[in-house]
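Colleague: I'm new to this one. Could you walk me through how to read it?

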Amino acid sequence: MDGLSRILFGHAAFQYLNAACELGLPDLLAEKGALTREEVRDSLGLQDRAVEILLLGCTSLGIVVKEDGRYHLARVVRDLMDEGDWQRFKDTVAFEQYVVYEGQLDFTDSLRENRNVGLRRVRGSGRDLYHRLAENPHLEQVFYRYMRSWSELANKHLVHELDLSGRKHLLDCGGGDAVNAIALAKANPDLKVTVFEIPASGTIAEKKIAQAGVSDQVSVITGDMFADPLPTGCDVVMFAHQLVIWTLEENTELLRRAYEALPAGGQLVVFNSMSNDEGDGPVVAALDSVYFAALPAEGGMIYSWAQHEKCLLDAGFSTVKRIPIPGWTPHGVIVATK
């Protein structure tokens, strides 16, 4: 029953994780070392009962470890810190808490109706979450910080594994705040990159590009990739974290539009989370699909490698190559050729 109980009270387990992050418990232990309950209490400014509840949960869940009356970081948290990924992990926790959590209340109805019922919980009139973010400044900030961090957890592998030698111009469709465009540009100094985004996101991308000092290499064009012509003159088109949002039919249409915009020999790159072809995991892909079912748009989930490949072939692409990305996030890359 232990595994089933963790699922039954999974919402409470997440709240312990979020509270630990927001209150700064792991950062405190990383800075100070092992502490007593009283030292944790005083450092975090909590009352006795509150710190007892926090430490009970965090110890039981393996976020911290208690030895000889003192609390210290669990190895898994220490490893994230040592690898430089702890802040990225915290950004993901904040995204789940403030963007995803409430909308997931409508997951069952979303399955019944096969649409994103949870969007009703996000203030605004936009047709999807992305067009409502500008009306919700806190959610917008949390969302883009998360998207940057989620990408950074894997795009070092994208940069390493994606061979862009000989390529001149990459179009990053739905490139968000340009996190992947910037990484690819820095790794490929002769490559031009264009981010194609909706106006609200394009403004954010332009600021990030300027801050990164790559304005001579990376530019932004605003538009709707479903309604407006895709910018031409590119020999690579990339969809990063886009094809998990839409239905497979919509994905095929986007890929067909990219196929038409590419020259012969051009490449199409898909970079996002992937599920197994067998439909049995990984577990993070399954859990992340709750968000896509309940909240952002009228379709989407963490599709399998094979589903993406079928969309690519249906859109006209020929050779298809899989590039699995190591790590606890289920990221992967697919490269197809026109």
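Modeller: Sure. The radius of gyration is taken over C-alpha atoms, and the globule rule is 2.2 Å times the number of residues to the power 0.38. Keep in mind that this is a predicted model.

Colleague: What radius of gyration does the protein have, and what would a compact globule have?

Modeller: For 338 residues a compact globule would come near 20 Å, and the protein has 21 Å, so the two agree. Its C-alpha atoms fill a box of roughly 65 × 45 × 40 Å along the principal axes, and buried residues make up 52% of the chain's 338.

Colleague: How do I look for empty space inside?

Modeller: Rolling a probe the size of a water molecule over the atoms shows where empty space is left. Here, searching the whole structure turns up 1 cavity of 30 Å³ or more, with a volume of about 500 Å³.

Colleague: Which residues lie nearest the centre of that largest cavity?

Modeller: Tyr130, Gly174, Glu197, Gln242 and Ile245, out of 39 that line it. The lining divides into 20 nonpolar, 12 polar and 7 charged residues. Helix 9 gives the largest share, 6 residues.

Colleague: And how should I read a helix?

Modeller: An α-helix has 3.6 residues a turn, so residues three or four places apart point the same way. Take helix 13: its 12 residues reach 18 Å from first C-alpha to last, close to the 16 Å expected. Among its buried residues are Ala285, Asp288 and Phe292.

Colleague: What do the buried residues of helix 13 pack against?

Modeller: Their partners are helix 7, helix 8 and helix 9.

Notes: Residues numbered from 1 in each chain as written. Predicted model: local features only at pLDDT ≥ 70, side-chain atom pairs only at ≥ 80, totals over all residues. Heavy atoms only, no water. 1 Å grid on protein atoms, 1.4 Å probe; cavity = no way out; pocket = protein on both sides within 12 Å on 5 of 7 lines; lining within 4 Å. Points joined across faces, edges and corners; volume = space filled by probe spheres on them. Helix = DSSP H or I, 4+ residues; strand = E, 2+ residues; numbered from the N terminus. Nonpolar A, V, L, I, M, F, W, Y, C, P; charged D, E, K, R; others polar. Expected span 1.5 Å × (residues − 1). Buried < 20%, exposed > 50% of the residue type's maximum accessible area, 1.4 Å probe, protein only. Contact = heavy atoms within 4.5 Å.
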